[in-house]
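Thanks for asking me to take a look at this one. My notes are below, as numbered points you can follow with the viewer open.

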Amino acid sequence: ATTNLSVSGTISTTCVFGSATNGAFGYSPLLPTVMNTSSNGGAPASVGLSYSGTPTVTVSEPTSFSVTPNGYNGTPSFSSAVTSANGGNMSYTSGVASYTQTSGTSDTITLNIGVSNGSSAFPLGTYTSTSTVTCN
C-alpha cells in the first residue's frame, strides 16, 4: 500500500510593530505661533517594525489636535515629514505618506510635525496630535 503526504505553507506579508516612542512639540517664546518637533525642547515620534514580504507603510498627517487646553479655539495648520530608515523621505499626498518596503526585514519610521496657529500665539497648556501608522 502507498499513500502521499503533502506539506504546504503560505508565505504572506506580515508586519509587527515594536514599541512606539512618542514625540514632543518644542516651542519658543520668540515664535509663539508655531510648535515643532524639531524646535528647542522638541523630539520626533518613531516606531520600529519587523516585516516579511513587501508591505506598504502609511502614516497619516493630523488635521487637528486630539488634546488641547481648555478654551483653545484655534485652527492649527499641520506640516509633517516622515522618514523611513530603509527608504528615505516619505512624501505626503492628500494627508497620507506611504512607502513600500522592497528589501530587508526591519525598519524605523520617524515622524516630525510642525504646527502653526496662524497669527495667534498658542495659549499655555498641553497639546497632542495623533498620527496613524499602518503596515500591510
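1. A term to settle before we start: two residues are in contact when they have heavy atoms within 4.5 Å. Please also keep in mind that this is a predicted model.

2. Let's begin with the overall make-up. The chain has 13 strands and 0 helices, so read from the N terminus its elements are simply one β after another, β-β-β-β-β-β-β-β-β-β-β-β-β.

3. The overall dimensions deserve a look. For 136 residues, a compact globule would have a radius of gyration near 14 Å, whereas this chain comes out at 20 Å. Along the principal axes, the C-alpha atoms fill a box of roughly 85 × 30 × 25 Å.

4. Next, surface and burial. About 8200 Å² of the chain is exposed, and carbon and sulfur atoms supply 50% of that area. Of the 136 residues, 25% count as buried.

5. How much of the contact map comes from residues 24 or more positions apart? Taking the contacts with a separation of 6 or more, such residues account for 71%.

6. V57 is a good place to see contacts of this kind in detail. This residue sits in strand β5, residues 56–60, and V57 counts as buried because its relative accessibility is 0%, where the cut-off is under 20%. Setting aside neighbours within four places in sequence, V57 is in contact with L49, M90, A97, S98, Y99, Q101, I109, V133, T134 and C135. For one of these, M90, the C-alpha to C-alpha distance from V57 is 9.7 Å, with the two positions 33 residues apart in sequence terms.

7. C135, one of the contacts of V57, brings us to the disulfide. The count for the model is 1 disulfide, formed by C15 and C135 with their sulfur atoms 1.9 Å apart. The link of C15 and C135 is left-handed, with -50° about the S-S bond. Because C15 lies in strand β1 (residues 14–21) and C135 in strand β13 (residues 133–135), the pair ties together parts that are 120 residues apart in sequence.

8. Are the two cysteines buried or exposed, or in between? C15 is partly exposed, at a relative accessible area of 23%, while C135 counts as buried at 14% relative accessibility.

9. Now to the rings. The structure holds 8 aromatic pairs. In one of them, F25 and F65 have ring centres 6.2 Å apart and planes at 85°, so this pair is edge-to-face. F25 is in the loop between β1 and β2 (26–28) and F65 is in strand β6 (residues 65–67), so the pair links distant parts of the chain, 40 residues apart. F25 counts as partly exposed at 21% relative accessibility, and F65 as buried at 11%.

10. Y72 and F122 give us a stacked pair, 6.3 Å centre to centre with 20° between the planes. Since Y72 lies in the loop between β6 and β7 (77–84), and F122 in the loop between β11 (106–116) and β12 (128–129), the pair ties together parts that are 50 residues apart in sequence. Both Y72 and F122 are buried.

11. Which residues do the ring pairs link into a cluster? They are F25, F65, Y72, F78, F122 and Y127, so both pairs described above belong to that cluster.

Notes:
Residues are numbered from 1 along each chain as its sequence is written. This is a predicted model: local features need pLDDT of at least 70, side-chain atom pairs count only at pLDDT 80 or more; totals for chains, interfaces and linings use all residues. Side-chain values use heavy atoms; hydrogens and water are left out. A disulfide is a pair of cysteine sulfur atoms within 2.5 Å. Helices (H or I, at least four residues) and strands (E, at least two) are DSSP runs, numbered from the N terminus. Buried means under 20% relative accessible area, exposed over 50%, partly exposed in between (1.4 Å probe, protein chains only). The radius of gyration is taken over C-alpha atoms; the globule rule is 2.2 Å times the number of residues to the power 0.38. Accessible areas come from the Shrake-Rupley method with a 1.4 Å probe; for residues, only the protein chains shown count as cover. Rings of Phe, Tyr and Trp (its six-membered ring) pair if their centres lie within 6.5 Å; planes under 30 degrees apart count as stacked, over 60 as edge-to-face and the rest as tilted.
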